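Colleague: I would like to learn how to read a model of this kind. Could we go through it feature by feature?

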Amino acid sequence: MATFLYRLGRWAFLRRRLVTLLWVALLATAGVLAAKAPAAPDDGFAMPGTEAQKAFDLMEERFPGAKADGASARLVFVAPSGQKITATANQQAVERTVAELAHGEQVTGAVSPFQAGAVSEDGSTAYATVGYDAKPGALSTAATDALEQAAQHGRDAGLTVEIGGSALLPKSEMGGSSEAIGMALSALVLLITFGSLAAAGLPLLTAVVGVGLGIAAVTALGSTLGLSSTTSTLAMMLGLAVGIDYAVFIVSRYRAELAEGHEPREAAARAAGTAGSAVVFAGLTVVIALAGLSVVGIPVLAKMGMAAAGTVVIAVLVALTLVPALLGFLGRRVLPRRIRNGGTVRQRANGGARWARFVLRRPVAVLVGGVLGLGILAAPALDLRLGLPGDESKPTSTTQRRAYDLLSDGFGPGFNGPLSVLVDVKGVADPKAAADRVAKTVSGLPGVVSVTPAMFNRTGDTAVLTAVPSTGPAAAETKDLVHAIRGKAADLKTATGATVLVSGATAMNIDVSQKLTDALVPYLVVVVGLAVVLLLVVFRSVLVPLKAALGFLLSVAAALGAVVAVFQWGWLAGLIGVDQTGPVMSMMPIFMVGVVFGLAMDYEVFLVTRIREAYVHGEEPGEAVVTGFRHNARVVTAAAFIMISVFAGFIGMNEPMIKMMGLGLAAAVAFDAFVVRMAIVPAALALLGRRAWWLPRSLDRILPDIDVEGARLQTPAPRPEPVRHSVGV
């Protein structure tokens, strides 16, 4: 492996103009294809295999044109203090507002609250439901503008009008400001780390090339492979992360090889052969983590994972070819101006070496302290409750949250999370009697406030009931009620012959959370298991891969504990603008495992391969740890700071789910980089000594020798071919 990558890096350095031109041509071609590609499909958020999804599909079939998964808006009207919404003037204002929307763009129906009986008992509040033929987030600008204008007209008439529902969900788009801030912070960290504008700018440039090519490819293939615009979100996030990291690893090793006295061409080749080997296997662990999202069983997550995995592959190829090519143009300019002396640069003691020696003197204290500290931080995760936060978790400054609160005050908290009970009476002798039996059974369950009369489709073989719980959509009692209704389905089937399915947004959220919870353990087994096997090949050790996996699990558990403490328990929630505590987003554990596992294994492979390289080349185990930290601790620290800065930038956004992801990912990277990789790893290696690199003879004979540490590169390199053009030094 190292020899092949050495030759590849040397070839890219010598043929730098050709290599650069090829990457530019690829980027331009992908950009043109993306610009000409048809619009990406809207793949929604299907949950195959869940009861809620089965009910949605059946409703689409039995109620044609009903758009069970279409966007909807709830206009909530509140009369001025001391007045009734049923007063003549107020009622006329409400009806004018609803009539204004009834024939609008993409609207399938808008019913006056006075016709639908949607008025609170005290007469102060009413609501009108507006249905659309587009899915949430896919409404046209004209449709959303008309909705907001109609609400304003109601306010102009003296009413309080707020808009709830899914109609005003923002369209999926990549947050350009967040990426720009992240890139700026990355540039600052790299400039401080390398002390050279050229060295700091190169990783950013190559990361942009890799991400640009990846996103353009996703866009170009969107209609062919069914990739929606949301698919590229994770690809951009991880593409930037690993693209910067991998280029930093190569550039850092190139600078170290220059310091050893090698000429730029040889330094670039050796950097590709050594650090490039670490990049290849670090990239493979990320690809495994992302491709493993396919086992979750959610199509949109599987597509996001595969698209991001493809972007990571591009990032690896960029690091192995384009980075050495650009180093050919920069030569020694990647070194700080003050130490460009035309020859060698002396290696000086640094903070990484001093920290490693400190850990080697106190390995037990550092190991126990690190594990105990992460264990304490992880303790809140034992109370983890998963869910999909809705309007109740939005800031009070949003109209959706104000509409939610007004409906809770006027109609009760459960009104915001109604349950749709679908009754399939096809083939039943008396469909109406069967539907009435279901309604009576559901209304008799604890926690049910009301059940609407059955509404049949045109053919009379399917009915829909709406059950209003007494608790809010995110409450544990509502989840129990959904399970209770489903628990009665078998008895109702026996008694009436009807099939009963529970659906609606609340039930779908419950099913999503359950499916993601059930998938977490298989996902961990697949991802961590395959990565341990891969690291076994890389490090030729049994204990080092196991240590890496256990350390990763510790950091993820601690980060989940931090998320629970802030977003579920409310600790320090006000400092980051969290207005309402509630369940943790269902996708958080899966996302954190996938994203953080990839980044953690990047740091593990890059740091420990340098330690193993020193050990293989004859250093004692303890001194090998010091050598590895001397060369790579600064770079790993810089890479971690870049990722923490990027993720932490999302904490300041208004959307609670984005805040949660920002805090969780920033905390996980911080714990993994600074506690696990910088403290627990050297302490464990110090205690294990030579045993850390133990490998049974039977495995030693079976495993391929890929030479990731570049042992073969210690022999004299093949005599280079004559250079026919300037090497850029």
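**Reading the sheet and the cores**

Modeller: Start with a single pair: S72 has G131 in β3 as its bridge partner. Keep in mind that this is a predicted model.

Colleague: Which strands does that pair belong to, and how many bridges join them?

Modeller: The general idea is that strands of a sheet pair through backbone hydrogen bonds, either parallel or antiparallel. Here strand β1 (residues 72-78) and strand β3 (residues 125-132) run antiparallel and are joined by 7 bridges. V78 is bridged to T125 in β3.

Colleague: What does β1 do with β4?

Modeller: β1 and β4 pair over 6 bridges, again in the antiparallel sense. In that pairing, L75 stands opposite I163 in β4.

Colleague: In what order do the strands of the sheet lie?

Modeller: The 4 strands form an open sheet in the order β2-β3-β1-β4, with antiparallel pairing. An edge strand pairs on one side only, and the edges here are β2 (107-110) and β4 (160-165). On average, neighbouring strands of the sheet are turned by 20 degrees against each other, direction ignored.

Colleague: Which helices lie across the sheet?

Modeller: One of them is helix α4 (residues 88-102), which lies across β1, β2 and β3 and runs at about 165 degrees to β1. Another is helix α15 (residues 399-411), lying across β1, β3 and β4 at about 100 degrees to β4.

Colleague: Is β1 enclosed or open, and why?

Modeller: Count its buried residues. In β1, 6 of the 7 residues are buried, so the strand is largely enclosed by the rest of the structure. For the protein chain as a whole, 54% of the 729 residues count as buried.

Colleague: What should I look for in the nonpolar cores?

Modeller: Look at the number of residues, then at those with the most contacts. The largest nonpolar core has 167 residues, and L234, Y246, F552, Y603, F647 and W693 have the most contacts inside it. Helix α21 (residues 588-616) gives the most to this core, with 19 residues. A second, separate core has 26 residues, among them A134, L139, A151 and A167.

Colleague: What does L234 touch, beyond its neighbours within four places in sequence?

Modeller: L234 is in contact with G239, L290, L293, M304, A308, F591 and V595.

Colleague: How do I read contacts over the whole protein chain?

Modeller: Consider separation in sequence. Of the contacts between residues at least 6 apart, 80% join residues at least 24 apart. The protein chain has 24 helices and 11 strands. Its accessible surface comes to about 30100 Å², with 61% belonging to carbon and sulfur atoms.

Colleague: How should confidence be read, and where does it fall below 50?

Modeller: Take the mean, then the elements, then the local stretches. The mean pLDDT of the protein chain is 84, and 90% of its residues reach 70 or more. Among the elements, helix α14 (residues 363-378) has the highest mean pLDDT (95) and helix α9 (residues 222-225) the lowest (67). The pLDDT is below 50 over residues 343-349, a stretch with 15 contacts in the model beyond near neighbours in sequence. It is also below 50 over residues 715-729, where the stretch has 26 such contacts.

Definitions and conventions. Residues numbered from 1 in each chain as written. Predicted model: local features only at pLDDT ≥ 70, side-chain atom pairs only at ≥ 80, totals over all residues. Heavy atoms only, no water. Core = buried A, V, L, I, M, F, W, Y, C linked by side-chain atoms within 4.5 Å. Buried < 20%, exposed > 50% of the residue type's maximum accessible area, 1.4 Å probe, protein only. Helix = DSSP H or I, 4+ residues; strand = E, 2+ residues; numbered from the N terminus. Contact = heavy atoms within 4.5 Å. Areas by Shrake-Rupley, 256 points an atom, 1.4 Å probe, with all protein chains shown as cover. pLDDT = per-residue confidence, 0-100. Pairing = 2+ DSSP bridges. Axes fitted to C-alpha atoms, helices over the stretch in contact; angles between N-to-C directions.
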